[in-house]
Amino acid sequence: TDIEQQDTVVVIGLGRFGSALALELTRRGTEVLAIDHRPKLVQSYTGQITQVAVADSTDLDALQRLGVPDFRRAVCAIGSDIQASILTASLLVELEIDDIWAKAVSKQHGEILRRVGVRHVVFPEHDMGERVARLVSGRLLDYMEVDENFAMAKIRPPRDFVGIALGDSSLRSRYGLTIVAVKRPDEEFTYATADTELAYDDMIIVSGPPDRIERFAELP
Ligand code: ADP
């Protein structure tokens, strides 16, 4: 079918997470089939998401009738009903969908999802909590963990790094960090070089291990 050749995703569950996901995918030009068992909710997304359907995702026949097995990617966005989440995820695995994503609300929930064969388990509440904690407590203006041991943060430069060329600073040797980009007020971000001299009101993007970034961001 032509579905297989296209950029398509099945999203199951139109709660806060699933609906935001389905709408964003649609906005990016991905064809989305969104499924939820609440008719009123499904109806409210008609026209906003490529295709919507009312169905119980724990029912294998229903998934087959909707053509779910033809999709290469699926997201199980059911959170609070853990039984429905696990059963749905296991059916997606049984249907041999290549790329399965699922949202977990707890560590144990995530563990079970992995055990039934879900390759990508995400923990939106937990991850967002950690992220906000970093932003609230520190000087980080923005923060993104790229990998377990690598992050990028937007901060103001610590005092000791103002007025000297980055190449002459001890940033690499003492902190194990790299300043990737610099933004002067009212200008755009540009790549930092060894000659770049930072000013107090600059904004910098620093990259490296998360604990080192935090230590660096706490310097006066
Ligand atoms: P969020 O925290 O993102 O709002 P919820 O777990 O509250 O997540 O929402 C999950 C959505 O999944 C709800 O809209 C619910 O109706 C739907 N859902 C739950 N169980 C099923 C099921 N068996 N079949 C289809 N949709 C389901």
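**View 1. Thr178 and its partner across strands 9 and 11.** In this predicted model, Thr178 stands opposite Ser207 of strand 11. Strand 9 covers residues 178-183 and strand 11 covers residues 203-208. The two strands run antiparallel and are joined by five bridges. Further along, Ala181 faces Ile205 in strand 11. Ile205 also has a partner in the other direction: Lys154 stands opposite Ile205. Strand 8 and strand 11 pair over five bridges, again in the antiparallel sense.

**View 2. The open sheet of five strands.** The strand order is 7-8-11-9-10, and the pairing is antiparallel. Strand 7 (142-147) and strand 10 (190-191) form the edges. Each of these edge strands pairs on one side only. Helix 8, residues 210-217, packs on the sheet. Helix 8 touches strand 7, strand 8 (150-155) and strand 11. The direction of helix 8 makes about 20° with that of strand 8.

**View 3. Glu218, after helix 8.** Glu218 lies in the segment that follows helix 8. There are 13 other C-beta atoms within 10 Å of Glu218, so the residue counts as partly exposed. Leaving out residues up to four places away in sequence, Glu218 touches Gly138 and Arg139. Glu218 and Gly138 are 80 residues apart in sequence. In space, their C-alpha atoms are 6.8 Å apart.

**View 4. Asp186, in the loop between strands 9 and 10.** Asp186 sits in the loop that links strand 9 and strand 10. Asp186 is not a glycine, yet its phi is positive, at about 65°. With 5 other C-beta atoms within 10 Å, Asp186 is exposed.

**View 5. Strand 1, enclosed on both faces.** Strand 1 spans residues 8-12. Five of its five residues are buried, so strand 1 is largely enclosed by the rest of the structure. Thr8, Val10 and Ile12 lie on one side. Val9 and Val11 lie on the other. Both faces are covered.

**View 6. The neighbours of strand 1.** Strand 1 runs parallel to strand 2 (residues 31-36), and five bridges join them. Thr8 has Glu31 as its bridge partner in strand 2. Strand 1 also runs parallel to strand 4 (residues 73-76), with three bridges between them. Here Val11 stands opposite Val75. Helix 1 (residues 16-27) joins strand 1 and strand 2 in a right-handed β-α-β unit.

**View 7. The largest nonpolar core.** This core holds 32 residues. Val10, Val11, Ile12, Ala34, Ala74, Val75 and Cys76 touch the most other members. Strand 1, helix 1, strand 2, strand 4, helix 4 (82-94) and strand 5 (99-103) each give two or more residues to the core. Another core, of 16 residues, lies apart from it. Among the members of that second core are Leu140, Ile179, Val206 and Ile213.

**View 8. Contacts of Ile12.** Ile12 is one of the buried residues of strand 1. Neighbours within four places in sequence are left aside here. Ile12 is then in contact with Ile35, Ser57, Ala74, Val75, Cys76, Ala77, Ile78 and Thr88.

**View 9. Ile49, in the loop between helix 2 and strand 3.** Helix 2 covers 39-44 and strand 3 covers 51-54, with Ile49 in the loop between them. Ile49 has 20 other C-beta atoms within 10 Å, so it is buried. Beyond residues up to four places away in sequence, Ile49 touches Ala22, Leu23, Thr26, Val32 and Ala34. Ile49 and Leu33 are 16 residues apart in sequence, but 7.5 Å apart in space, C-alpha to C-alpha.

**View 10. Glu96, in the loop between helix 4 and strand 5.** The loop between helix 4 and strand 5 contains Glu96. Glu96 has a positive phi of about 60°, although it is not a glycine. Glu96 counts as exposed, because it has 9 C-beta neighbours inside 10 Å.

**View 11. The two domains.** The protein is divided into domain 1 (2-122) and domain 2 (128-217). Taken over C-alpha atoms, the centres of domain 1 and domain 2 are separated by 38 Å.

Terms used. Residues are numbered from 1 along each chain as its sequence is written. This is a predicted model: local features need pLDDT of at least 70, side-chain atom pairs count only at pLDDT 80 or more; totals for chains, interfaces and linings use all residues. Two strands pair if DSSP finds at least two bridges between them. Helices (H or I, at least four residues) and strands (E, at least two) are DSSP runs, numbered from the N terminus. Two residues are in contact if their C-beta atoms, placed from the backbone, lie within 7 Å. Axes are lines fitted to C-alpha atoms, for helices over the stretch in contact, and angles run from 0 to 180 degrees between N-to-C directions. A residue is buried if 20 or more other C-beta atoms lie within 10 Å of its own, exposed if 12 or fewer, and partly exposed in between; C-beta atoms are placed from the backbone. A crossover is right-handed if, with the strands pointing away from the viewer, the path from the first strand over the helix to the second runs clockwise. Domain bounds come from an automatic or database domain assignment. A nonpolar core is a set of buried Ala, Val, Leu, Ile, Met, Phe, Trp, Tyr and Cys residues joined through C-beta atoms within 7 Å.
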